[in-house]
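User: I am new to this structure and should like to learn how its features are read. Please take me through them one at a time.

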Amino acid sequence: MFHLILTACLAGPSAPCVPILLPQGDAASGPACMQGAARISKDWLDRHSELVAAGTECVPTENLPALDLQQVAPGVFAFFGRPVQLEDSTDGRIANLGVVIGQDSVAVIDTGVSRMQGQQFYTAIRRLTPKPVSHVILTHMHPDHVLGTSVFQEAGAQVLGHHALPLALQMRAGGYLENIARLLPPEEVLGTEIVLPDATVQDSLRIDLGGRSLLLRAEQTAHTDNDLTAFDDTTGTLFSGDLIFRELTPIIDGSLTGWMDWIAAPPQPEPRVIVPGHGDVAREWRQATSPQADFLKALADVTRSQIDAGAPLSEAVGIIVNNLNYMNKNWNSFPASVARDATAAYKELEWE
Ligand SMILES: [Zn+2]
């Protein structure tokens, strides 16, 4: 397959440029791909007025950069991000991403931190199969998971999220785009935009990929207030999003107690393969969740004892962090994350 690549640049001398893969140009041959190049490029640039064209070309799939995907079950693949926080990463590619291939079409679970990562994810999928990407499932609002969506939407995929995702994403959109522009090189982030879901999941939804279905579940407030999980019935694979952190320190952006409750009640049937939002794949619920459950319980216990002792937030956070420091060696990016978690935990638990 050939892919249309538009070179797009910021205006001005020696301004950075990025290769933008425009999936509407996908074709079996180079000449067929070039036929639509001018129109497709113009349409895209009309919606990205900060960028100007510096040429188009059609490139075969195998010559384009692609994410490294690993098979975790038959027809199920994952990209494993480096399990550190965005601030500790050079390219922002810290989240795990998933692919499930049915007889008719492909579902993608999360899309990465930028248009660039989304494009390289798209290319990696095109190396596996020519089947259309019918669905993008966004597990929650955080930028390392959702900012590569635009390339899949342009490829014709329906974008699905938790019913609380659109509002959450709209409120955070500006901050997320500013953050990645500050933390990552311009070549990584140019062309990145916020894409809202085309449809949302109220409670649960089953999607059909042909001979294989995924069960999407809108979960209670836990990691965030818009966590959505995806379960592949055929292989028993659960994509948990950030409801499960391994190796990387969990971040509470929803509800500490809601999250502890979620972990205590494994989904039925119990998954046989668990792809967490961060860290390595697991084959069993306790293996996947017990380090995180221990962390959250310790955080809740020490925070409650500070609240009971009457410590104000400003004093309590430092004490909580010190008390939990023995866990530092078990978790990446611990010091910065645990201070945020202590603040979130205090604000939630002081109302108990
Ligand atoms: Zn997250």
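Analyst: The discussion below takes up helix packing, then pockets and a cavity, then two details of the backbone. This is a predicted model, in which local features need pLDDT of at least 70 and side-chain atom pairs count only at pLDDT 80 or more, while totals for chains, interfaces and linings use all residues. Residues are numbered from 1 along each chain as its sequence is written, and side-chain values use heavy atoms, with hydrogens and water left out.

User: How is the packing of two helices described, and at what angle do the axes of α8 and α9 cross?

Analyst: Two packed helices are described by the angle between their axes and the distance between the axes. Helices are DSSP runs of H or I with at least four residues, strands are runs of E with at least two, and both are numbered from the N terminus. Axes are lines fitted to C-alpha atoms, for helices over the stretch in contact, and angles run from 0 to 180 degrees between N-to-C directions. Here the axes of α8 (residues 256-264) and α9 (residues 285-308) come within 10 Å and cross at roughly 150°. The two helices, α8 and α9, are therefore roughly antiparallel to each other; angles under 35 degrees count as roughly parallel, over 145 as roughly antiparallel, 65 to 115 as roughly perpendicular and the rest as oblique.

User: Which residues of α8 and α9 make the contact?

Analyst: Contact means heavy atoms within 4.5 Å. From α8 come Leu 256, Thr 257, Trp 259, Met 260, Trp 262 and Ile 263, and the residues from α9 include Trp 285, Leu 296 and Arg 304. By class, this contact of α8 with α9 has ten nonpolar, three polar and two charged residues. In this scheme Ala, Val, Leu, Ile, Met, Phe, Trp, Tyr, Cys and Pro count as nonpolar, Asp, Glu, Lys and Arg as charged, and the others, Gly among them, as polar.

User: How do the axes of α9 and α10 lie?

Analyst: The axes of α9 and α10 (residues 313-324) come within 10 Å and cross at roughly 140°. Helices α9 and α10 are therefore oblique to each other. Ala 298, Leu 299, Val 302, Thr 303 and Gln 306 of α9 meet Ala 316, Ile 319, Ile 320, Asn 323 and Leu 324 of α10. The contact of α9 with α10 divides into seven nonpolar, three polar and no charged residues.

User: How are pockets and cavities told apart, and what is the volume of the largest pocket?

Analyst: On a 1 Å grid over the protein atoms alone, a cavity is a set of points where a 1.4 Å probe fits but cannot get out, and a pocket is an open set with protein on both sides within 12 Å along at least five of seven lines; lining residues have an atom within 4 Å of a point. Grid points are joined across faces, edges and corners, and a volume is the space filled by probe spheres set on the points. The largest pocket has a volume of about 280 Å³. It is lined by 18 residues, of which Gln 85, Leu 86, His 142, Pro 143 and Arg 340 are the closest to its centre. Helix α6 gives the most to this lining, with four residues. The lining of the largest pocket has seven nonpolar, five polar and six charged residues.

User: Which helix gives the largest share of the lining of the second largest pocket?

Analyst: That share, three residues, comes from α6. The second largest pocket has a volume of about 170 Å³, and its lining has seven nonpolar, two polar and one charged residues.

User: What is the volume of the largest cavity, and which residues line it?

Analyst: The largest cavity has a volume of about 50 Å³. Its lining includes Asn 96, Asp 110, Phe 239 and Pro 276. Strands β6 (97-101), β14 (237-245) and β15 (273-278) each supply at least two lining residues.

User: Where is a cis peptide bond found, and what is phi of Glu 247?

Analyst: A cis peptide bond joins Gln 268 and Pro 269, with omega about -5°. Pro 269 lies in the loop between α8 and β15. Phi of Glu 247 is near 75°, a positive value in a residue other than glycine, and Glu 247 lies in the loop between β14 and α8.
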